Amino acid sequence: MALIKLVRTFAVMLPVVVVAFSARGADTVKLGLIEPFSGPIAAVGRDTLEIFEFFANEVNERGGVLGGRHIEIVPLDNAMNAEKTTQQLRKVIDDEIRFVSQGVGSNHALNIIKFLQRHNRRNPDQAILYLNHSAVTTSFTNELCSFWHFRFDANVDMKVAALVTQLGRDPSVQKLYMLNQNYAYGQAFQAAAQQMLGERAPGIELVGDELIVPFGKVLDFTPYIAKIKAAGADTVLTGNWGPDLVRFVKAASEANLDASFYTIYAGIPSSVAGIGAKDGIATRLKQVTEMHENDPLYDQQPAELLDTYDRWRQQTGKSIYSERMRWTIEFFAAALDKAGSDDPALVAAAMEGMTMDGPAGPLVMRGEDHQIIFPMVISTMAEDLERPYIYEGDNYEVAFATDGWIMSDAIELPTTCEMKRP
Amino acid sequence: MNSALTLTGVRKSFGATEIIRGVDLEIRDGERHAIIGPNGAGKSTLYNLISGRFPPSAGGIHLYDTDITNKKAFEINRLGLTRSFQVTNIFARMSVLDNVRCGCLFALGHRYAWWKLVGRLRDLNDRTALILKDIGLWGKRDLPAGLLSYADQRALELGIAVAGGANVILLDEPTAGMSHSEIEQAVSLIRRISEGKTLVIVEHDMGVVFDLADRISVLVYGEIIATGSPSEIRSSAAVQEAYLGTGAS
Amino acid sequence: MESFIFAMFNGVLYGMLLFLLASGLTLIFSMMGVLNFAHASFFMLGAYFAYQISEGLNFWAALIVAPVIVGMVGAGIERWGLRPVHRYGHVAELLFTFGVAYVIEELVQMIWGRVPVPYEIPDAMAGALFTWQGFDYSIYRVFMLVVSVAIFVALFALLTYTRIGLIIRAAVSDPTHVATLGHDIPRIFMWTFGFGCALAGVAGVVGGNVLGTEPAMAIQLGPIVFVVIVIGGLGSLGGALVAALIIGIVTRLAIFYDYGVGSLVLALGLEIDTTSMLRDFTRITTAQVAPVLPYLMLVLMLIFKPRGLFGTRDV
Amino acid sequence: MGRLAPWIAGAIVMMALPHVFSSGFALTLMSQIGLLIVFALAYNMLLGQGGMLSFGHAVYFGLAGYFTVHYLNFIYEEEVPYIPVTLIPLLGGFVGLFFGILIGYVSTRRAGTTFAMISLGFGEMVTALTLVLVAIFNGEDGIQTDRVIGEELFGVTYGPNIEVYYLIAGWCLLCTLAMFLLTRTPFGRISNAVRDNPERVEFIGYSSQRIRWLAFSLSSFFAGIAGALHAVNIEHVGFEQVSVLQSGLVLFMVYIGGTGSFVGPIIGATLLYFLQSTLTGVTEAWVLYLGVMFVAVIMFFPGGLAGLITMHQPIWRVHARLLAPLLIPYARFFAALVASVLGCIGLIEMLYFRSSRLSTETELVIFGIESDPFSAAPWIVFTGIAVAGGFAVRKTLPSAVSAWNTAIADARVLPRG
C-alpha cells in the first residue's frame with residue numbers, strides 16, 4: 001500500500017520536477033538521446049526514453065552528480081533516418097549538449113561515431129561524447145574504435161561467443177542450423193558463429209547455414225522450416241530480430257519443428273508480444289542477455305536496486321529487460337563524479353577502466369577499446385515463473401528461466417583497436 | 001493520275017468480329033473525298049487503320065508510294081498524313097496557343113529539342129499565329145483549351161491537325177454536334193485549310209458532304225459499296241437501297 | 001521429393017492467399033479502373049478486427065464478422081472519399097488510395113499500438129492434420145487452403161451464374177456499356193469496392209495469425225499483390241490466380257533449390273576477384289533473393305509481354 | 001527585367017537566410033530544403049509536367065548519393081581523378097541520368113497505372129539490392145564519407161556548414177532555373193501534351209513513349225544532382241535514400257505543394273520538410289497528419305497549395321481591389337476550418353497519448369493547455385470544437401465559393417488595369 005502511495009506521490013511530483021528542471025536548465029548535465037520517436041519503430045525509441053528518464057531520475061533523487069546537479073535527458077527524434085540523425089547532431093552542437101546516447105540501429109551509431117570524429121577533430125573545445133547503449137556492430141570497438149565512443153552492450157561477437165559456448169555445453173545439441181539476415185549485422189553474426197563453433201563446440205555438426213533477405217521481406221518462413229526439418233537439425237541459431245524473428249519462430253512452432261532456438265533478441269518487448277507464450281515455449285526459445293528478472297541471482301542484488309526495480313514495474317507496467325541502459329546512466333553519473341567536471345574529454349578518461357558490481361560479476365569498461373565486459377546469461381522461455389513478462393500492463397504469463405551464465409573470461413575477446421587519444 | 005492514299009484489301013477484326021471486310025480505296029492527290037455510311041459501318045475504324053492507331057489484320061495501305069501498313073501513328077504523321085478525331089481530342093490543360101504550337105513543332109524540325117526556348121522560335125510563333133487567326137482563336141490564345149466552347153474546341157482540333165502542314169488530311173465528323181451557323185463557319189474553315197491539299201472527310205451531314213466533296217465513297221458494313229462524284233452517288237441505286245433508303249442520320 | 005511436395009503445398013497455399021488479395025484488387029480494378037493502393041491495408045484491418053473479435057468472441061465469429069466490417073469500411077471510403085475524386089482521373093484515384101494506406105496504418109498504430117498484437121491460430125486447429133514423409137501438414141494451413149479455394153469457387157460461380165456476375169462481367173469488358181443499360185453505376189462501384197475490400201479482409205482473418213499481425217504488414221505485402229495482378233494481366237481474374245500461384249510456388253522453390261550465381265561462375269570456369277566491389281553478385285543465391293524474385297518477374301514481364309499473362313486491356 | 005525579378009529576389013533571400021538563422025540546425029534544415037526543392041522539381045517534371053506517377057523516383061536520388069560518397073572516398077584514397085566538391089553534384093547528375101536512361105527505357109513503355117506499378121517494382125528491387133550487395137552499398141549501415149577533400153577557390157573547404165549551404169543554394173538556384181527553362185522548350189511543351197493526351201501526341205508526329213523516356217531521363221538527372229547534394233550535406237548515404245518511403249515523401253511534397261504550377265513543388269518541399277523537422281519532436285501523430293493532409297488535398301483542392309494561389313491570379317491581375325470582397329467570407333471560412341482542425345488535432349493527440357504514453361509523461365499539453373486525456377472534460381471540449389467547427393465549415397464554405405465566383409466573373413468583365 002505504501003508503495004502505491006509512493007508512486008502516486010511521485011506521479012504528482014513529477015510535473016513539479018519537470019518544471020523545476022526547465023527553470024534551472026543551466027545547472028543540469030544534458031544527455032541527448034537520439035532515437036526514433038516517430039515512424040514505424042517509434043515504440044522502441046520511446047521505451048528507451050522511458051528507461052533513460054526513469055534511471056536518470058533515480059540518480060537525481062539520490063542527489064545528482066557533481067555535487068547536486070541533475071542529469072537531464074533531452075530526447076532528439078531521428079525517425080530512424082540517417083539525415084535526421086545528422087540534423088539532430090547539429091542541434092546538439094547548437095544547444096551545447098556535450099553528451100549523447102543512442103543505440104537503436106547500428107547504421108545511426110556509425111553515423112554518430114564518424115560525425116563526432118570529424119566534429120571533435122575540427123572543434124576540440126566543443127567535443128561531444130557518445131554513449132552507445134545498444135548498437136552491437138563489433139567493428140565499433142575494433143578497427144573503427146574511437147576515443148569518443150563507449151559501448152555498454154556486448155558486441156555481436158561477444159554475444160555469439162556466449163551463445164556458442166552454451167551450445168557446446170548443451171549435450172542435446174547435435175545438429176545445428178543457422179539462419180541469419182543478409183545484411184551487415186546478420187553476416188557478422190554468421191561469420192563469428194562459423195569461426196567460433198569449431199573452437200567452442202567442436203562436436204556439433206552444422207547442417208545448414210542460410211541467409212535471408214532482411215527486414216520483414218520474408219512473409220512466410222515455412223519453406224525454411226521445411227529445410228531445417230529436412231536437414232534433421234535439433235537446434236537453430238539465429239541473430240534475427242523484429243518481424244524476421246517473430247515470423248520465423250511462429251512458423252517453426254506451427255510446423256511442430258522439434259528444435260531449440262538460440263537467439264539474441266527474443267526477449268525484447270515487441271518480440272515477446274509478437275511470438276506469444278505458446279509458440280515461444282514450443283520452440284524452447286532462448287536469449288542471451290545481461291540479466292533477467294527470474295534469475296536466481298536477481299534476489300541477491302542490493303535492496304535499494306530491488307526497490308528501484310519494483311518502482312519501475314509499478315510505474316511503467318513493464319518488465320526489466322535492458323539493464324545495459326541503466327548501466328549507461330550509472331557509468332555516466334559515476335564518471336562525471338570521478339572526473340569532477342562535465343568536460344567530455346575528462347569524463348571519457350574517467351570512464352576508461354571503470355568497474356561496477358554486476359549481478360554475477362564485475363562490469364568492466366575496458367580502456368583499450370571502450371567495450372564493456374560482463375558475464376552474460378542464457379535463458380529459455382518458460383511458464384509459471386515468479387515474475388512473468390509484463391509490457392504496458394499486459395501480462396504475457398511467460399518469462400525466461402536461466403540455463404546458465406557465461407562468465408567474462410569466455411566472452412572477453414581480443415580487440416584490434418588502436419585508440420587515438422586527443 | 002497520282003494517288004495520295006491507296007488501300008488494297010484492307011481487313012480488320014476485333015476478336016471474332018470482322019469490322020472492315022476488304023476495303024479497296026483510292027484517294028487522288030489534291031481531291032476532297034468524303035466517306036459516308038450508316039453508324040457502325042466502320043468509318044472510324046478505317047481512319048484508325050489508315051492513321052496507324054491499329055494495324056490492319058490484312059491488306060496494304062500506301063501513302064503516295066510509301067507502304068504505311070504496319071507503321072506507327074507518329075511515323076505515318078511524319079510522312080505527311082494528319083487526322084482529326086470524332087470526339088474532341090485536344091490538350092485540355094494547355095493554352096490554346098500551346099495546343100497549336102505542339103501541332104507545328106515536329107514538322108518545323110524542332111522535334112525533341114530541350115535546348116531551345118519556344119518563345120524564341122520565330123518560325124514556330126509565326127506559323128502558330130497564322131493558324132490561330134485562321135481558325136479564329138487568336139483572341140483566346142491564352143485560355144486553357146479545356147475551357148473553350150464546344151465549337152471552339154472543334155476548331156482547335158482542326159487547327160492542331162493541320163498545324164503540321166501535312167499534305168493528306170483526314171477529318172472525322174468535324175461538324176458533329178454543331179448548330180447551323182457553326183456548321184457554315186466550319187465548312188468554310190475546312191475549305192480554307194484544305195486548299196491545295198488532299199482531304200478525306202467522314203461526315204453525317206449530307207449538306208456538308210455534297211457541298212465539299214469532289215468524290216464520295218460509301219462504306220456499309222465494312223465494305224465500300226460505291227465510289228464516285230456527288231451526282232453519281234446521289235443517283236446510285238445501290239447507295240439508295242443500302243444507305244440513303246434506310247434513312248440517313 | 002517429399003520436401004518438394006511440401007514446398008509445393010506451401011507455395012500453393014501462399015499463392016492462394018495472394019489470390020484472395022489479388023482477386024479483390026482485380027475486381028475493383030476491372031470495374032472502376034482504380035488500382036487500390038490501400039488494398040493490403042484492408043488485409044491488415046481484417047487481421048486486426050479478427051484479433052479484436054476473437055478476443056471477445058471466437059475465431060469463427062471473426063471469420064464471418066471481420067470481413068463484413070472491412071467491407072463496410074471499404075464501401076464507406078469509396079462513397080465519401082473515392083467517389084468525389086473520381087472526376088480527377090485514375091492517377092488521382094491511385095494517389096488517393098496511396099494516402100488512405102498511410103492513414104490506415106497510422107490509425108491502426110493509434111488504436112492497437114506499434115508492437116504486434118498476439119493474434120493466434122485457434123487452439124482447435126493448432127495441431128497437425130496429418131504427417132507425411134516427415135512433414136506436418138497443419139490443420140490450420142489446410143483450413144486456409146480450403147477457405148481460399150472455396151472463395152475462389154464461390155467467386156467463379158458468382159461471376160458465371162448470377163445476374164450480378166453478368167453485370168460485373170459486362171462492366172469488366174466494357175465499363176461504359178453498363179451505364180447505358182440503366183444500372184446505378186455509383187452504387188455498383190461502391191459495393192464492388194466494399195466487396196473487394198471484404199475479400200482482402202478474409203485474407204487478413206485467415207492469414208494474420210500465420211504471418212503476424214502488426215502495423216507494417218500492409219506495407220510488406222502490398223507491393224507483392226500489385227506484382228501479382230500486373231503479371232497476371234490487369235483486369236484478369238484467371239490471370240491473377242495463375243500469377244499468384246506462380247509467385248507463391250516460385251518463391252518457395254527458390255528457397256528449396258538454393259542455387260547460387262557463384263556455382264554458375266565456377267561452372268563457366270571464370271575467376272572471381274574476391275576484393276572487387278561486384279563480388280556480391282557472384283555470392284547471390286536464389287534463396288537470398290526469393291522475396292525479390294516477384295519484382296524481377298514483373299520487370300521481365302513488362303519488357304517481354306507488357307499486358308501480362310492474360311491481360312486484354314491497356315491501362 | 002520583370003521576368004528576372006523573382007529569380008533575383010530568390011537569390012537575395014537565399015543569400016540572406018543564413019544571416020537570419022545561423023544555428024547549425026537551421027543551416028542543415030535549410031540545406032536539406034534546398035536540395036529537396038531540386039528533387040521535388042525533378043519529380044514534378046514527371047508527375048506535373050509529364051503525367052507520370054512514380055513510386056520509385058528516390059532510386060535515382062539515392063544511387064547518385066551512393067556514387068558520390070564512393071567517389072569522395074576514392075578521391076581520399078587517390079584512386080580516381082580529383083573533382084572539386086563544387087562540381088561533384090554534376091557527377092551525381094550523370095549517375096542519375098545513366099540509371100534514368102537505363103531503367104526509363106523499360107518503365108516508360110507504359111504510362112498511367114502500369115508505369116506507377118513498374119516504378120514501385122524497381123523501387124522495391126533496388127532497395128532490396130542495397131541490402132544484399134554489401135560490398136557496394138554496405139547494407140543497413142550505409143556509407144560514410146568526409147566531404148573535406150581539399151581546398152578550392154577562395155579557400156573554401158566545405159568543412160563549415162555555411163559553405164555547404166551556399167553550395168546547395170547555388171546548385172538549387174541553377175537547377176531551378178534550368179528546370180524552369182526546360183518547361184519552355186519544345187520538349188517541355190510536348191511533355192505537357194503527353195500528360196494531357198498521350199494518344200493525340202502520336203498523331204502530331206511524336207512518339208509519346210520517347211517523350212516519356214526523355215522526361216524520365218532528364219528528371220533522373222536532376223534527382224541525381226539532388227542526391228549528390230544530399231550526400232555532401234549529410235556525409236552519409238543509406239538505403240533510406242533509395243527506399244519507397246523517400247519516394248513517397250517527395251510525392252507528398254509535390255502533390256501537396258501543387259503539381260499544376262512550377263512553384264508548387266518548391267512550396268511543398270519547403271513546407272513539408274520544415275513541418276516534418278519541427279513537428280516530429282512535438283507530436284507522435286505527424287505521419288497521420290501528413291497522410292490526412294495529402295488525402296484532403298486530393299479530395300478538395302487537387303491543384304495543391306499553389307493551385308489555391310493561382311486560382312486567384314486572374315482576379316488580381318485585373319485589379320487587386322477585386323480581392324477585397326473575398327476577405328470576409330474567406331476569413332469566416334478559414335476561422336471555421338482552423339477551429340475544426342484544432343478540435344480534431346486535440347482528439348488525435350489525446351488518443352495517441354492514451355495508447356502510447358510513457359510512464360514518465362504525466363501530462364499532455366495541447367496548444368499550451370494542460371489536458372488530462374483520462375478525464376471527460378477535454379474530450380467533450382475538443383469534440384465540441386471539432387463538431388462545431390465542422391458545421392461552421394459547411395455553413396461558411398458556400399459563401400466563400402460564391403464570393404470567388406463573383407470576383408472571377410467581375411474580373412472577366414473588367415478590362416485589365
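Start with the chains as a set: 4 pairs of chains are in contact, and chains C and D share the most contacts of these. Keep in mind as you go that this is a predicted model.

**Stop 1: the contact of chains C and D**

Select chains C and D and hide the rest. Chain C brings 41 residues to this contact, and chain D brings 35 residues. Now colour the helices of chain C. Those that each supply at least two residues to the side touching chain D are α3 (59-85), α4 (90-112), α9 (217-232), α12 (279-283), α13 (286-289) and α14 (293-304). Which helix gives the most to this side of chain C? Pick out α4(C), which contributes 13 residues. Then colour by residue class: the side of chain C that touches chain D holds 32 nonpolar, 5 polar and 4 charged residues.

**Stop 2: a helix pair inside chain C**

Stay with chain C and keep α9(C) on screen, since this helix also belongs to the side just visited. Add helix α10, residues 237-256 of chain C. Two packed helices are described by the angle between their axes and the distance between the axes. Here the angle is about 125°, and the axes of α9(C) and α10(C) lie 7 Å apart. That angle makes α9(C) oblique to α10(C). Is the crossing of α9(C) and α10(C) right-handed or left-handed? Turn the view until one helix lies in front of the other: the crossing is right-handed.

Next, show the side chains where the two helices meet. On α9(C), select Val227(C), Val228(C), Ile229(C), Ile231(C) and Gly232(C). On α10(C), the partners are Gly239(C), Ala240(C), Val242(C), Ala243(C), Ala244(C) and Ile247(C). By class, this contact of α9(C) with α10(C) has 9 nonpolar and 2 polar residues, with no charged ones.

**Stop 3: chain D**

Now isolate chain D, the other partner in the contact from the first stop. A cartoon view shows 17 helices and 4 strands in chain D. Its radius of gyration is 24 Å, close to the 22 Å that the globule rule gives for 417 residues, so chain D is as compact as a globular protein of that length. Along the principal axes, the C-alpha trace of chain D spans about 65 × 65 × 45 Å. Of the 417 residues, 53% count as buried. Among contacts in chain D with a separation of 6 or more, 80% are between residues 24 or more positions apart.

**Stop 4: chain A**

Switch to chain A, where the cartoon has 13 helices and 17 strands. The radius of gyration of chain A is 21 Å, close to the 22 Å from the globule rule for 422 residues, so this chain is as compact as a globular protein of that length. Its C-alpha atoms fill a box of roughly 65 × 55 × 40 Å along the principal axes. Buried residues account for 58% of the 422 residues in chain A.

**Stop 5: chain B**

Finally, bring up chain B, with its 9 helices and 10 strands. The radius of gyration of chain B is 18 Å, close to the 18 Å given by the globule rule for 249 residues, so chain B is as compact as a globular protein of that length. Its C-alpha trace spans about 55 × 40 × 35 Å along the principal axes, and 45% of the 249 residues are buried.

Which chains does chain B not touch? Show chain A beside chain B: the two do not touch, and their nearest C-alpha atoms are 34 Å apart. Then swap in chain C: chains B and C do not touch either, with their nearest C-alpha atoms 11 Å apart.

How values were computed:
Residues are numbered from 1 along each chain as its sequence is written. Chains are lettered from A and ligands numbered from 1 in the order in which they are written. This is a predicted model: local features need pLDDT of at least 70, side-chain atom pairs count only at pLDDT 80 or more; totals for chains, interfaces and linings use all residues. The radius of gyration is taken over C-alpha atoms; the globule rule is 2.2 Å times the number of residues to the power 0.38. A residue is buried if 20 or more other C-beta atoms lie within 10 Å of its own, exposed if 12 or fewer, and partly exposed in between; C-beta atoms are placed from the backbone. Two residues are in contact if their C-beta atoms, placed from the backbone, lie within 7 Å. Ala, Val, Leu, Ile, Met, Phe, Trp, Tyr, Cys and Pro count as nonpolar, Asp, Glu, Lys and Arg as charged, and the others, Gly among them, as polar. Axes are lines fitted to C-alpha atoms, for helices over the stretch in contact, and angles run from 0 to 180 degrees between N-to-C directions. Angles under 35 degrees count as roughly parallel, over 145 as roughly antiparallel, 65 to 115 as roughly perpendicular and the rest as oblique. A crossing is left-handed if the near helix is turned anticlockwise from the far one by less than a right angle, and right-handed if clockwise.
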